[in-house]
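Please open the model in your viewer and keep the sequence panel beside it. The tour begins with the whole chain and then moves to a single element and its surroundings.

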Amino acid sequence: MKGQFVSRAACALCATLALFATAPASAQQKIKVGLMLPYSGTYAALGNAITNGFKLAINEAGGKFSGREIEYFSVDDESEPAKAPDNVNKLIKRDNVDVVVGTVHSGVAIAMAKAARDNNALLIIPNAGADEITGPMCAPNIFRTSFSNSQPARAMGKVAAEKGHKTAVTLTWKYAAGEQSTGGFKETFEKGGGKVVKEMTLPFPNVEFQPFLTEIASLKPDAVYVFFAGAGAVKFVKDYAAAGLKEKIPLYGPGFLTDGTLEAQGDAAQGLLTTLHYADALDNPKNNAFRAAYKAAYKTEPDVYAMQGYDAGQLLAAGLKAVNGDTSKRDALIKAMESTKIDSPRGPFALSKAHNPVQDFYLRKVDGKENKAIGVAIKDLSDPAVGCKM
Ligand code: BEZ
């Protein structure tokens with residue numbers, strides 16, 4: 001009896017061992033996703049929206065790939081470039097993640113792209129627009145589902161020139177995103193016959209705007225173009241209106257100025273024009289489904305950051321499906337990711353050779369709690385990808 005029991009137990013063990021021996025080693029392990037995003041500071045709301053959007057897309061894809069579940073590892077990067085190398089190395093070297101997703105701030109993203117290149121780590125950028133990343137730093141293992149900084153800015157420069165403005169002043173935080181944004185605006189505004197008469201900057205994430213507003217009032221340009229996002233955008237739009245400038249000098253920006261911020265900006269934002277690759281009420285089936293699912297899951301409206309996180313999740317899911325969750329099939333995974341067409345809430349898009357979306361930029365107007373698309377400022381805009389060799 002005892003012998004019979006032992007042999008049955010041994011047999012069960014044999015069967016289990018045989019099963020493990022035939023399944024690929026990777027099928028027994030979870031797929032590790034490192035989320036490196038700001039969860040504190042000026043860009044905290046952006047990091048949370050991206051995380052929500054990413055997880056929504058992964059859950060919609062079934063949450064597992066050939067039996068492999070997703071395990072998340074999170075790091076708050078605080079939008080702090082000095083801490084970025086340590087933070088990203090924790091994910092790549094300590095946690096040994098299969099893919100890193102992040103981040104919002106261009107300066108942090110540049111350090112992440114460097115680490116991804118040095119370690120051949122798969123990186124998906126769901127926001128930060130640093131032009132370098134899809135320029136000289138481009139690499140087969142680096143993808144972006146958002147924009148490059150000069151893209152929305154070039155759309156706005158074109159619109160401002162077409163409106164007949166002859167002079168403009170620019171103001172931004174002094175770091176890659178702000179400088180590349182105001183640079184993109186200047187390029188197309190001046191090409192259209194305008195002149196940027198003054199370029200002003202302040203350190204990130206400083207929000208002492210008063211001296212700049214005083215100078216704008218005395219310079220009296222035809223238009224003002226600014227790059228601010230998150231909590232800084234909320235404060236700037238309110239300060240601009242409170243200084244009495246809103247009715248006198250049109251304020252323009254990339255859509256980050258009014259995205260995810262309208263609740264807090266209230267009347268100060270009404271009527272503002274911005275350009276971006278997304279607008280709240282885009283009436284396409286994917287956007288309607290995305291907005292309904294996001295609202296049901298998180299009890300809040302999605303914004304551009306949630307949408308970009310969602311598309312980062314869709315991009316990864318497309319790659320993982322193509323390799324049946326086997327992340328060791330790196331070349332096939334990358335090939336599937338770079339050739340997929342994403343059915344995005346912004347409208348379908350493909351990636352350029354440098355792995356940046358080729359997409360339309362909408363002209364949007366703030367109306368109540370929504371950024372409403374009132375036209376397309378530039379169609380099918382690719383980023384310049386200057387210096388990208390792939
Ligand atoms: C950036 O640093 O690249 C960035 C931050 C917030 C909004 C858009 C771009």
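Begin with everything selected and coloured by relative accessible area: in this predicted model, 55% of the 390 residues of the protein count as buried. Switch to a surface representation, where the protein exposes about 16,100 Å², of which carbon and sulfur atoms supply 54%.

Return to a cartoon, in which 12 helices and 14 strands can be traced. The radius of gyration is 23 Å, close to the 21 Å that the globule rule gives for 390 residues, so the protein is as compact as a globular protein of that length. Along the principal axes, the C-alpha trace spans about 100 × 40 × 35 Å. If you draw a contact map, residues 24 or more positions apart account for 70% of the contacts with a separation of 6 or more. Marking the charged groups next, you will have 45 positive and 40 negative charges, whose mean positions lie 4 Å apart.

Now select residues 230-242, which form helix H8; its 13 residues reach 19 Å from the first C-alpha to the last, close to the 18 Å expected at 1.5 Å a residue. Show the side chains here, and ask which residues of H8 are buried. They are Gly230, Gly232, Ala233, Val234, Phe236, Val237, Asp239 and Tyr240.

To see what these buried residues pack against, add the helices H2 (44-60), H7 (210-219) and H9 (262-265), together with the strands E7 (167-173), E9 (223-227) and E10 (251-254). Finally, step just past the end of H8 to Gly244, which takes a positive phi of about 80 degrees.

Technical notes: Residues are numbered from 1 along each chain as its sequence is written. Side-chain values use heavy atoms; hydrogens and water are left out. Helices (H or I, at least four residues) and strands (E, at least two) are DSSP runs, numbered from the N terminus. The radius of gyration is taken over C-alpha atoms; the globule rule is 2.2 Å times the number of residues to the power 0.38. Buried means under 20% relative accessible area, exposed over 50%, partly exposed in between (1.4 Å probe, protein chains only). Contact means heavy atoms within 4.5 Å. Accessible areas come from the Shrake-Rupley method with a 1.4 Å probe; for residues, only the protein chains shown count as cover. Lys and Arg count as positive and Asp and Glu as negative; His and the chain ends are not counted. The place of a charge is taken as NZ of Lys, CZ of Arg, CG of Asp or CD of Glu. The expected span of a helix is 1.5 Å times one less than its number of residues.
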